[in-house]
Amino acid sequence: MLSTIVDRRSIRKYKDISVDKKIIEEILLAGSLAPSSKNRQPWKFVVVSGNAKTDMIKTMKEGLEREKIQPLLPESARYHGGAAYTIQIMEQAPVVILVVNPLGIDIHRQLDAEERIYEICNAQSIGAAMENMTLTAAEHGLGSLWICDTYFAYDELNRWLNTDGELIAAMAAGYADEAPAARPRKALEEIVEWRT
């Protein structure tokens, strides 16, 4: 497993080759088997391809345009170009998996301390599911990209999904058309503190 972790890359260019449904199902199963806080399993996966992906991309573009005028994330305006690039990546990928937290609380609502802790714990659980999915994709020879730029179209995509819960993340998946080098990582000495 460590070799898969070491070799995994975030892929931003995909070949125009469809992915077998059985592989996608195994990726989703891996996500569903992730550990979760209090075993809440705060996830629902929406697999988007074909015409549905075209509609989803259109919705995300509309959200990004709205974000430029009426921002949900005013301090993140410098990332609009990156979000536009993410849309191009999603257009290339044969499959995009949207991850919805059915227990999620609308981002516009103020949270009390307990709700905030639940949201943090659920986000950690979803992170574990996403990691399982990216590693399973890599084991099948697929590339993937963990996407958070969906927050630039948060309201639009949640309306488009028309499902209970809150959109948390997305993952593009497909056969890689690039082989990026590993990105620099901090040395363990920089990030680990041993206390005995």
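**Charged side chains and a helix in a predicted model**

Lysine 58 is exposed, with a relative accessible area of 51%. In this predicted model, the side chain of lysine 58 meets that of glutamate 62 in a salt bridge, at 3.6 Å from N to O. Glutamate 62 is partly exposed, at a relative accessible area of 43%. The two residues are 4 apart in helix H3 (residues 50–69), which means that about one helical turn separates them.

This pair has company, as the structure holds 7 salt bridges. Another one joins lysine 61 and glutamate 91, whose closest N and O atoms are 3.1 Å apart. Because lysine 61 lies in helix H3 and glutamate 91 in helix H4 (residues 80–92), the pair ties together parts that are 30 residues apart in sequence. Lysine 61 is partly exposed, at 40%, and glutamate 91 is partly exposed too, at 37%. Arginine 195 and glutamate 193, both exposed, meet at 2.5 Å, while Arg66, Glu67 and Glu156 are linked in a network of salt bridges.

Aspartate 149 offers a contrasting case: it is buried yet has no salt bridge, and the nearest side chain of opposite charge, arginine 12, is 8.3 Å away. Aspartate 149 sits in the loop between strand E3 (143–147) and helix H6 (154–161), and its contacts include Met60, Gly82, Ala83 and Thr86.

Helix H5 (residues 113–139) lends itself to a simple check. At 1.5 Å a residue, its 27 residues should span 39 Å, and the end C-alpha atoms are indeed 39 Å apart. At the start of H5, a side-chain oxygen of aspartate 112 comes within 3.1 Å of the backbone nitrogen of glutamate 114. Just after H5, glycine 141 adopts a positive phi of about 80°.

Conventions: Residues are numbered from 1 along each chain as its sequence is written. This is a predicted model: local features need pLDDT of at least 70, side-chain atom pairs count only at pLDDT 80 or more; totals for chains, interfaces and linings use all residues. Side-chain values use heavy atoms; hydrogens and water are left out. Buried means under 20% relative accessible area, exposed over 50%, partly exposed in between (1.4 Å probe, protein chains only). Lys and Arg count as positive and Asp and Glu as negative; His and the chain ends are not counted. A salt bridge is a side-chain nitrogen of Lys or Arg within 4 Å of a carboxyl oxygen of Asp or Glu. Contact means heavy atoms within 4.5 Å. The expected span of a helix is 1.5 Å times one less than its number of residues. A polar contact is a pair of N or O atoms within 3.5 Å; within protein, one must be able to donate a hydrogen and the other to accept it, and residues adjacent in sequence count only if both atoms are side-chain atoms. Lists of a residue's contacts leave out its neighbours within four places in sequence.
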